[in-house]
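Student: I have a new model on my screen and would like to understand its geometry. Please take me through it, one question at a time.

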Amino acid sequence: MSTKTEVKSVTENIPETDSPKKNNNNEKSGLKWLKWLLIILLIIVVAFSATVWGVVKYVENYDTAFPNVYISDIPVEGMTENEILSKLDAKYSTEKIAGQSIPFVCNDSSDELKIDDLDVHYLNNDTAAKAFESGRNSNIVLRALSFMQHFVSKTVIEPSIAYNNDVLSAKIDSVTAPHEKEPVGYTYKLEPGKVTVINKEK
């Protein structure tokens, strides 16, 4: 009887170790999670690829301006290039500003220049083309990605204007003359309605 009791006491002091069966279960559990993770990643990749491919096929024949494209404050999304041009011609035309004068301001000096002398012309064809081509990369995949990006970002294109730069420079010289011998350190902002001379040093 004493021998049996001693053997029992010795076995109780032996530390437990993981059985091969328990280790195998842990390995199988880890592999199972890895398998599901790979499946989820595969589904994401396939879904993204299918979305891009669908957009590629859609954009391939998309013949209007991309979403969120503006010319100044005019939305041109979904318009053809000719429709954009018609919209611009209705708002920006040399005839509408003929006979008007542009005010010039520099500190306490001011002057005016007649639009007819400045020979201002709106380049509506160029502006319409820029708006229509916005985001149209020659690479169809990059074009599709750009199309999707346009949904979340706004593109603003300013109207293109041509004018006689020599006449403008001469007027700037005359306006800035009371403050400096030469218009050094000055810049100007040309807008459809006015030209403002700005002193950079301020």
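Student: What is the relative accessible area of Ala-98?

Tutor: Ala-98 counts as partly exposed, where buried means under 20% relative accessible area, exposed over 50%, and partly exposed in between (1.4 Å probe, protein chains only). Do keep in mind that this is a predicted model: local features need pLDDT of at least 70, side-chain atom pairs count only at pLDDT 80 or more, and totals for chains, interfaces and linings use all residues. Residues are numbered from 1 along each chain as its sequence is written, and side-chain values use heavy atoms, with hydrogens and water left out. For Ala-98, the relative accessible area is 46%.

Student: How far apart in space are Ala-98 and Lys-114, C-alpha to C-alpha?

Tutor: Ala-98 sits in the loop between helix H4 (94-97) and strand E3 (101-106); helices (H or I, at least four residues) and strands (E, at least two) are DSSP runs, numbered from the N terminus. In sequence, Ala-98 and Lys-114 are 16 residues apart. Their C-alpha distance is 8.6 Å.

Student: How many salt bridges does a search of the whole structure find?

Tutor: Side chains of opposite charge can pair when their charged atoms come close. The criterion here is a side-chain nitrogen of Lys or Arg within 4 Å of a carboxyl oxygen of Asp or Glu. Searching the whole structure with it gives a count of two.

Student: Which residue forms a salt bridge with Lys-91?

Tutor: The closest N and O atoms of this pair are 3.1 Å apart. Lys-91 lies in helix H3 (residues 81-91) and its partner in the loop between strand E1 (69-71) and strand E2 (74-75), so the bridge ties together parts 18 residues apart in sequence. Lys-91 is partly exposed at 39% relative accessibility, while the partner is exposed at 52%. That partner is Asp-73.

Student: And which residue forms a salt bridge with Lys-171?

Tutor: Here too the closest N and O atoms are 3.1 Å apart. This pair links distant parts of the chain, with Lys-171 in helix H8 (residues 165-176) and the partner in strand E4 (residues 109-114), 60 residues away. Lys-171 is buried at 17% relative accessible area, whereas the partner is partly exposed at 32%. The partner is Asp-111.

Student: Within what arc do the buried residues of H8 fall, seen down its axis?

Tutor: The buried residues of H8 are Leu-168, Lys-171, Ile-172, Val-175 and Thr-176. They line one face of the helix, because the directions from the helix axis to the C-beta atoms fall within an arc of 125°.

Student: What is the strand order in the open sheet of three strands?

Tutor: Strands count as paired if DSSP finds at least two bridges between them, and E1 and E2, which run antiparallel, are joined by two. One residue match is Ile-71 with Ile-74 in E2. The edge strands, each pairing on one side only, are E2 and strand E6 (155-157). With mixed pairing, the order is E2-E1-E6.

Student: Is Asn-124 buried or exposed?

Tutor: Asn-124 belongs to helix H6 (residues 124-133). Leaving aside residues up to four places away in sequence, Asn-124 touches Leu-85, Leu-88, Asp-89 and Tyr-92, a contact meaning heavy atoms within 4.5 Å. With a relative accessible area of 7%, Asn-124 is buried.

Student: What share of the 202 residues in the protein chain is buried?

Tutor: The chain comprises eight helices and nine strands. Among contacts between residues at least 6 apart in sequence, 63% join residues at least 24 apart. The buried share of the 202 residues is 26%.
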